[in-house]
Amino acid sequence: MEKNKKVVLSGIRPTGDLHLGNYFGALANYIKMQDEYNCYFMVADLHSLTTHPDTAELKKNVFGVLAIYLACGLDPQKVSLYCQSQLRQTGELYLYLNMMSYKGELEKTVTFKEKARQHPDNINAGLLTYPVLMATDILIHRALYVPVGKDQEQHLEMTRTFANRFNHRYGEVFPAPYAFNFNKELIKVPGLNGEGKMSKSTNESATIFLTDEDEAIRKKIKKAKTDSGPTEPNSIKPDYIENLFQLMNLVSAPNAVIAYNEKFNNAAIRYGEMKEQLAEDMVQFVAPIRQKIKDIANDESYLIRVIKDGAEKASESAEKTLGEVRRAIGVNYTG
Ligand code: TRP
């Protein structure tokens, strides 16, 4: 890893199939960052244990996320691609950071309150300290930039609080990390039903997964909400129509988008035709990614090699940080 490059870290929990929203919101950003920055991308399997104690599918899901990272274009020669549980120093830094995070601030975390409401029978300490584990992931490589969506902003703010608290108490070890996005505005990937964005947990039938087969994609787009079309030229698009145009913007040729916009403005649009075009362009976009994911997911020995190499690279950087952390705290008794 080159010395003068700024450090980037991000992670994805292996708790469900990744979809178009993850692709444009996260993965496309990661790919752009891999040349310019010293990148660590990991699969947050330990985080998934806070809400998914059943591990029967864990390995399959971890390898699934890894395969997606690779299929989308992350190059394991350029970045460190690893699995959180395989970086053993994580446990040690998590422990130290737990000593300086307070019950009150952890209980106030929005994601904690939400998850506690969803799983009232499993409000475990790991769930409460979820932000401490995430701070550990970031601080262990002294990352400056964290490409994540808005929903993770509070966790990042807490990471900065823990970093500052540590530095104040024991001496300067950690820089303050910030969310990072190449686009000024986060790209929105709307769902197909006119309500909210694509999401595994809240909007599954309106979501296109990177592993969806062609027919599934066509079916979902065919079912997308439309109406009988504008009755006057230059009308305002209803939300659900605007969403279809946004999706087209992401996967169709610019000419096609222009043409359908013109048809809309002339009140001469046929949504059935537009959806057919969108479906075909979506299939063209997703199919090669899906095929690559499948090929890579089938090559277990390759994935094992990637995971081992990634852990080695990540471990080198983590060990350096922990050396300074132990020294700063004063728990290095043997020199
Ligand atoms: N909490 C993140 C999410 O749910 C996943 C995650 C874990 C993460 N550790 C991280 C993201 C470190 C960025 C950096 O999406």
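Begin by selecting the lining of the largest pocket in this predicted model, where the residues divide by class into 18 nonpolar, 21 polar and 10 charged. With that selection shown, the space to look for amounts to about 1,700 Å³. The lining is made up of 49 residues, and those closest to the centre of the pocket are Arg 13, Asn 22, Asp 151, Gln 152 and Lys 197, which makes these five a useful set to label. Colour next the elements that each give two or more residues to this lining, namely strand S1 (7-12), helix H1 (20-33), helix H6 (110-118) and helix H8 (130-139).

Now turn to the ligand, which sits in this largest pocket. Two of the elements just coloured, S1 and H8, are the ones that give two or more residues to the shell around the ligand, and of the elements it is H8 that gives the most, with 4 residues. The shell holds 14 residues, of which Arg 13, His 47, Tyr 130, Asp 137 and Gln 152 come nearest to the ligand. By class, this shell has 8 nonpolar, 4 polar and 2 charged residues.

Which residue places a polar side-chain atom 2.7 Å from a nitrogen atom of the ligand? Select Asp 137, whose side chain supplies that polar atom, and then move to Gln 152, where an N or O atom of the side chain is 2.9 Å from a nitrogen atom of the ligand. Finish this stop at Arg 13, where a polar side-chain atom lies 3.1 Å from an oxygen atom of the ligand. If you then show the surface of the ligand, bear in mind that the ligand taken alone exposes 360 Å², and that the protein buries 92% of this area.

Leave the ligand now and look for enclosed space. How many cavities of 30 Å³ or more does the count give? The count comes to 1, and the largest cavity holds about 30 Å³ of space. To find this cavity, select Pro 76, Val 79, Ser 80, Leu 81, Val 306, Asp 309, Gly 310 and Lys 313, the residues that line it. Strand S3 (80-83) and helix H14 (300-329) are the elements that give two or more residues to this lining, and H14 gives the most, with 4 residues. Coloured by class, the lining of the cavity shows 4 nonpolar, 2 polar and 2 charged residues.

As a last view, return to the pocket and display Arg 13 and Gln 152 together, since both are listed among the residues closest to the centre of the pocket and both are also listed among those that come nearest to the ligand.

Definitions and conventions:
Residues are numbered from 1 along each chain as its sequence is written. This is a predicted model: local features need pLDDT of at least 70, side-chain atom pairs count only at pLDDT 80 or more; totals for chains, interfaces and linings use all residues. Side-chain values use heavy atoms; hydrogens and water are left out. On a 1 Å grid over the protein atoms alone, a cavity is a set of points where a 1.4 Å probe fits but cannot get out, and a pocket is an open set with protein on both sides within 12 Å along at least five of seven lines; lining residues have an atom within 4 Å of a point. Grid points are joined across faces, edges and corners, and a volume is the space filled by probe spheres set on the points. Ala, Val, Leu, Ile, Met, Phe, Trp, Tyr, Cys and Pro count as nonpolar, Asp, Glu, Lys and Arg as charged, and the others, Gly among them, as polar. A residue is near a molecule or strand if one of its heavy atoms lies within 4 Å of it. A polar contact is a pair of N or O atoms within 3.5 Å; within protein, one must be able to donate a hydrogen and the other to accept it, and residues adjacent in sequence count only if both atoms are side-chain atoms. Accessible areas come from the Shrake-Rupley method with a 1.4 Å probe; for residues, only the protein chains shown count as cover. A molecule sits in a cavity or pocket if more than half of its atoms lie within 2 Å of its grid points.
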